[in-house]
Structures are given as structure tokens and as C-alpha cells.
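Me: I should like to understand the terms used to describe a protein model. Please explain the reasoning behind each one.

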Amino acid sequence: MNKITEFETVYLEEEKGALAIVDQTKLPNKIEMLYLTTAKEIWDAIYLLKVRGAPAIGVAAAIGIYVLVKDEPTDNMDVFAEKFQELKQYLSTSRPTAVNLFWALDRMENVVKENHAHTVLEVKELLHEEALKIREEDIKVCRKLGEYGLTLVKKGDGLLTHCNAGRLAAVKYGTATAPMYIGQEQGYGFHIYVDETRPLLQGARLTAFELDTAGLDVTLICDNMSGMVMKKGLIQAVFVGCDRVASNGDTANKIGTSVVAAVAKHYNVPFYVCAPTSTIDMSLASGCEIPIEERSGEEITEMWYEKRMAPKGVKVFNPCFDVTDHELITAIVTEYGIARPPYDVSLKKIFEMKKNNL
Ligand code: MRU
């Protein structure tokens, strides 16, 4: 069987003129590439989690909008900009929580706005460059973030992660998994514990799959087992990804993350959020302002079961993300270094470094 590590998770397929993704809903049983060329296909792929994870959603949106406008027949910049706006608006309704979606679409839109005096052909070329740049940056950012993350742990540590903040959720390395992959290159011999992550099983289907394929030592556990493994002393640090971090450090990530953080605090296990600056939303004062996606109840009552596993008609609440209060977070690892509490001060410093390109 082909290895998932041999596949590019999200990229621009130039010959087909398509956004190429690995269909993550089919993993781990089948590795299938999808080549998307229409707005509906791209919107559906994001909404249905065929491509998912905050950084990958951002990269898919950037490449996706380029694919959608590259053959626009007009040579009138006003008409082109209007069409771009329409598509941006449509794609931005696909998922609400991961700020990378809006961040990437805004970056692409800025190219159109800042070059309004250029020809449509020139702007298309600049959009092509920007989409590829966003993708390339993700690789560098995750690598950097992984190097900083690695300074927080020791050889042989047990590490716990929740959901999939791995290479499938990004372009390469992932965020929470970046210290794990880089540690593997350097012979750290980590023992990785992976929460299965109800209800969509990103931990079991994706994280366990990619880390195991890459040759790391992986143990899969149910979501309600993190207390048990921490009490036993098997976990020296928790690394998770994020979908949106507010300026005070409150962090939205996959549902269940805040429970892991509370348990980690109880057992004195450091809890680290790996956050590319593209996932930090400095416009929000706190996590209360982060929009939280709710999904169909059937993901809980029916999906994955041979037959329905809950009484018909029972009320179901299925929030996709929760917000971990900043008090529960030991540090936020970014590509510009490690932010420690108080986050309203340290995150500002991180963004100053970003502005000054340090
Ligand atoms: O609903 P998903 O699978 O898109 O949720 C993904 C997560 O919660 C990840 O932890 C987060 O996006 C970080 S990915 C580097």
C-alpha cells in the first residue's frame, strides 16, 4: 500500500488547473486524491472535512480561489474584482471557526486590491504567486514552530495530542505534531498518545495513521482516558493545535481540548498550544468572541455505527470546537518563539516580531 507520507496533502495541480487534496474522509482505509475545479466542489470539500485542519483549510482556500478566477474571461479589472469578491464571500461561508480560512482569503483579496491599476492578466499571475507563497510559508512556519516546541521536552517523553494537528491538517510537519516529527529526526524516541477524538475520529483515523506510517511510537486511546494515562505518569507534555487563538490566549480547538487541558492542570502536566501566527486573531479580546461551528447530530448518533446508537428523536448538541481558557495553557508555541502568560502581553510581542520580520 502507498504511504500517506508520500502524498502531498494540499497543492495546486498546475496541469489540471485544480486544487488537489487527499480526501481525508476516506482515510485511513483509502488514499484518494481529489482534483477540484468548481466553487461548489471546493466549498463542499471544506465543509465536509475532505480537507480540514486550520492551516490546510487556509492553503486550500488560497489555491482554491486562484483556481476559480484564473480563467475568468474578462479583462476589465472592476468586473474581475467583483467576481473575486463574490467567490471570496461564498468560500468564507464554508466553515466559521478556523481563522486561517479568512486570513488566507484576505491575503488573496489584498493582492487584487493593491494591484487594481494592473491588468487582469498580471493580477492573475500575482494571485498564483501568492497562493503558492501561502503554501510554502506553511511548511517553513510549521518547521520553525516544531523546533521551538522541541525545546520544551526531553528524550523518551510521553506526549499526548488531541484531534489531528498533523501534516494532514497542514502541508508538512503539522503544528502539534511538528515537535514529534522533528524529535524523530533527532532520535528523541517519544511515546505518543493520541485521543481518538469523537465524534469524527480525527485522532484515530488521521493522527494515529500518519504518525504510525511515519514510524513513530503511537498508542491510541479513547477521549475519556487522558486522566488515566496522566495519573499513571505516562504523559510529560500535551501538544495540541488550534483553530483560533484570541489576543488574551483563549484558544478554540477541537471539541474536548478544554477537558484535556483541565485534566493536565490537575496532574501538573504542561499543556502547550502550537499556533502559527496565521491562527492567532488579535482582533478578538477573548475566546467568547470566537464563532463555534455546530454540526449535524447524526455525526454522534449514526456515523461509524452499523445501526443507530441513540434513541430516535433524542436531542443532540454537537459543537465542533471548544475554547480552552488561557489560564489552562502553559505556553503558546509560534513560529516566532514561545509565548508565556500573560498572553495579552506576550502575543503582542510575537506580532511585533512578525511585523519587523525578526
Ligand atoms: O474539524 P477539524 O478536523 O477541521 O478540526 C481540526 C482541529 O481542531 C485541529 O486541531 C486544528 O485545526 C489545528 S490543525 C493544525
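Me: Why is Glu109 called buried?

Reply: The model is a predicted one. Glu109 has a relative accessible area of 10%, and the word buried applies to values under 20%. Glu109 is therefore classed as buried.

Me: Where does Glu109 lie, and what is Glu109 in contact with, apart from its neighbours within four places in sequence?

Reply: Glu109 belongs to helix H4, which covers residues 99–114. With those neighbours left aside, the contacts of Glu109 are Phe84, Gln85 and Lys88. Contact here requires heavy atoms within 4.5 Å.

Me: What makes Trp43 and Tyr47 a stacked aromatic pair?

Reply: The structure holds four aromatic pairs. In the one formed by Trp43 and Tyr47, the separation is 5.1 Å centre to centre, with 20° between the planes. Rings pair if their centres lie within 6.5 Å, and planes under 30 degrees apart count as stacked. Both conditions are met, so the pair is called stacked.

Me: Where do Trp43 and Tyr47 lie?

Reply: Helix H1 (residues 39–47) contains both Trp43 and Tyr47. They are four residues apart, about one turn of the helix. Ring pairs also link Trp43 and Tyr47 with Tyr90 into a cluster.

Me: Why does Trp43 count as buried, and why does Tyr47 count as partly exposed?

Reply: Trp43 has a relative accessibility of 17%, and the limit for buried is under 20%. Trp43 therefore counts as buried. The value for Tyr47 is 33%, whereas partly exposed covers the range between the 20% limit and the 50% limit. Tyr47 therefore counts as partly exposed.

Me: What makes the aromatic pair of Tyr188 and Phe190 tilted?

Reply: Their rings lie 5.3 Å apart, centre to centre, with 45° between the planes. Stacked requires under 30 degrees and edge-to-face over 60, the rest being tilted. An angle of 45° meets neither of those limits, so the pair is tilted.

Me: Are Tyr188 and Phe190 buried or exposed?

Reply: Tyr188 is buried at 17% relative accessibility. Phe190 is buried as well, with a relative accessible area of 4%.

Me: How many cavities of 30 Å³ or more does a search of the whole structure find?

Reply: The search finds two. The largest cavity holds about 220 Å³ of space. Its lining has 24 residues, and the closest to its centre are Arg52, Gly53, Ala54, Asn164 and Asp243. Helix H2 (54–69) and strand E9 (251–254) each supply at least two residues of this lining, and H2 gives the most, with three residues. By class, eleven of the lining residues are nonpolar, eight are polar and five are charged.

Me: Which residues line the second largest cavity?

Reply: That cavity contains about 40 Å³ of space. Among its lining residues are Pro199, Leu200, Lys254, Arg295 and Cys320. The lining has five nonpolar, two polar and three charged residues.

Me: What makes E11 and E12 edge strands?

Reply: Four strands form an open sheet of mixed pairing, in the order E11-E8-E9-E12. Strand E11 (280–281) and strand E12 (321–324) are its edge strands, as each pairs on one side only.

Me: How do you know that E9 and E12 pair?

Reply: At least two bridges are needed for two strands to pair. E9 and E12 share four bridges in the antiparallel sense, so they count as paired. In this arrangement Thr251 stands opposite Thr324 in E12.

Methods
Residues numbered from 1 in each chain as written. Predicted model: local features only at pLDDT ≥ 70, side-chain atom pairs only at ≥ 80, totals over all residues. Heavy atoms only, no water. 1 Å grid on protein atoms, 1.4 Å probe; cavity = no way out; pocket = protein on both sides within 12 Å on 5 of 7 lines; lining within 4 Å. Points joined across faces, edges and corners; volume = space filled by probe spheres on them. Nonpolar A, V, L, I, M, F, W, Y, C, P; charged D, E, K, R; others polar. Buried < 20%, exposed > 50% of the residue type's maximum accessible area, 1.4 Å probe, protein only. Phe/Tyr/Trp six-rings, centres within 6.5 Å; stacked < 30°, edge-to-face > 60°.
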